[in-house]
Amino acid sequence: MHESTKTPRKRYDKALEGLDYINIKDMSEQEWLKIRRLGIGGSDAAAIVGMNPWASPYSVWADKTNRIAPKADNEPMRQGRDLENYVRQRFEEETGKKAHRKNIIVKNPKYPHAIANIDRWIKDENAILECKTTSSYNLKSFAGGEFPDNYYCQCMHYLAITGADRCYLAVLVLGREFLIFTIDRNEDEISALMQAEQAFWENYVLTDNPPPADGTAATTAAIKDIFGESIGESTIELFGMDGRLQVWQELQDRKKALEQDMERVKQDIQLKMGEIETAFTTDYKITWKTQNRKTFDNKRFAGDNPSLDLSNYFKTTASRVFVVKPIKKTEPARPAGGEEN
């Protein structure tokens, strides 16, 4: 008997009809990261429309244009991956439905800017499954049958790309709850989301121009990653920015006043409590507890060990300090002969 040379027939998959896809089963991490930058994914979509608390339009832009390193793997991410199959099992037990994996990244010709990595596909139903694992501290986010906005946005993104009728959202709240939600396809919201994604991709990623600042922690972190160190003795003229700097100064003044008002309220309460540790009002519980903290007295240690070179035990970290101060009218706006950048 000899082996057949006939080309294997590609198995027909109705769920992928009209879609493009990339097989990622044996893909390396570097290849996977490269593919991720070819389009907007589900968590990216939530960030673009302001629904992702851990990312922003600027941080997504910085990632897609390869300006920042991919997010380092951490314990919550590891647990989410490891428990994904457990979440799938629990979903099948609760619903009687069967869910299976396709090791692919999906693209839809209607939305060339978008990609989707679906957790599971539901057998014999035009539906998908999104598996989530979250901390017990987030249980309040699910009160009254609600769930986080970024989950909803991610599911709607996947429904747009796959053409599925619904997305089942299965959430394991570690040690507390297992929850299942059904998110039906909404054409109006899909249209609005895809328009926002397309505008972001065309206006910022393809042009390599950053989106505007938004004040979020994610944008701050991305800016620090990109511009971590300054060029010594370099200067630049920021034409037309005096108005923004005046706003900064006014906000700084208001911040100081607010902080003083907050401190005054705190002082009033502390004077009422005296040495009491816990107090109650109709609506609030207040604690003012003694806490002990041990710190290393390096000066004393150096004095007790004068022959020991401590320089090797100190770690130096670099950071940039942002300072704004008005220029006195008698001073030049910048050092004479300063180099423009």
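## A salt bridge between helices H1 and H3

Arg 36 is partly exposed, with 22% of relative accessible area. In this predicted model, the side chain of Arg 36 meets that of Asp 63 in a salt bridge, with 3.3 Å from N to O. Asp 63, at 9% relative accessibility, counts as buried. The cut-off for a buried residue is under 20% relative accessible area, which is why Asp 63 falls into that class and Arg 36 does not.

The two partners belong to separate helices: Arg 36 lies in helix H1 (residues 29-36) and Asp 63 in helix H3 (residues 57-64), so the salt bridge ties together parts that are 27 residues apart in sequence. Side chains of opposite charge can pair when their charged atoms come close.

## Further salt bridges

A search of the whole structure finds 18 salt bridges. One of them joins Arg 67 and Asp 208, whose closest N and O atoms are 2.7 Å apart. This pair links distant parts of the chain, as Arg 67 is in the loop between H3 and helix H4 (75-82), while Asp 208 is in the loop between H7 and helix H8 (217-226), 141 residues apart. Arg 67 is partly exposed, with a relative accessible area of 34%, and Asp 208 is partly exposed as well, with 37%.

Lys 132 forms a salt bridge with Glu 130, and here the closest N and O atoms are 3.3 Å apart. Both Lys 132 and Glu 130 are buried. In addition, a network of salt bridges links Lys 97, Glu 125, Arg 166 and Asp 184.

## The sheet

An open sheet is formed by 5 strands in the order S2-S5-S6-S7-S8, and its pairing is mixed. Strand S2 (99-100) and strand S8 (177-184) are the edge strands, each of which pairs on one side only.

At the S2 edge, the partner is strand S5 (residues 120-122): S2 and S5 pair in the antiparallel sense over 2 bridges. Within this part of the sheet, His 100 stands opposite Trp 121 in S5.

## Packing of helices H6 and H7

Helix H6 (residues 149-162) packs with helix H7 (residues 187-205) at an angle of about 90°, and the axes of these helices are 10 Å apart. Angles of 65 to 115 degrees count as roughly perpendicular, and H6 and H7 are therefore roughly perpendicular to each other.

On the H6 side, the contact is made by Tyr 152, Cys 153, Met 156, His 157, Leu 159 and Ala 160. On the H7 side, Glu 189, Ile 190, Leu 193, Met 194 and Glu 197 take part. By class, the contact of H6 with H7 comprises 8 nonpolar, 1 polar and 2 charged residues.

## Positive phi values in two loops

Asp 124 has a phi near 60°, which is a positive value in a residue other than glycine. Asp 124 is found in the loop between S5 and strand S6 (127-134). With 76% relative accessibility, Asp 124 counts as exposed.

Asp 208, the salt-bridge partner of Arg 67, also has a positive phi, of about 60°, although Asp 208 is not a glycine. The place of Asp 208 is in the loop between H7 and H8, and at 37% relative accessibility this residue counts as partly exposed.

Methods:
Residues numbered from 1 in each chain as written. Predicted model: local features only at pLDDT ≥ 70, side-chain atom pairs only at ≥ 80, totals over all residues. Heavy atoms only, no water. Axes fitted to C-alpha atoms, helices over the stretch in contact; angles between N-to-C directions. Helix = DSSP H or I, 4+ residues; strand = E, 2+ residues; numbered from the N terminus. Parallel < 35°, antiparallel > 145°, perpendicular 65-115°, else oblique. Contact = heavy atoms within 4.5 Å. Nonpolar A, V, L, I, M, F, W, Y, C, P; charged D, E, K, R; others polar. Pairing = 2+ DSSP bridges. Salt bridge = Lys/Arg side-chain N within 4 Å of Asp/Glu carboxyl O. Buried < 20%, exposed > 50% of the residue type's maximum accessible area, 1.4 Å probe, protein only.
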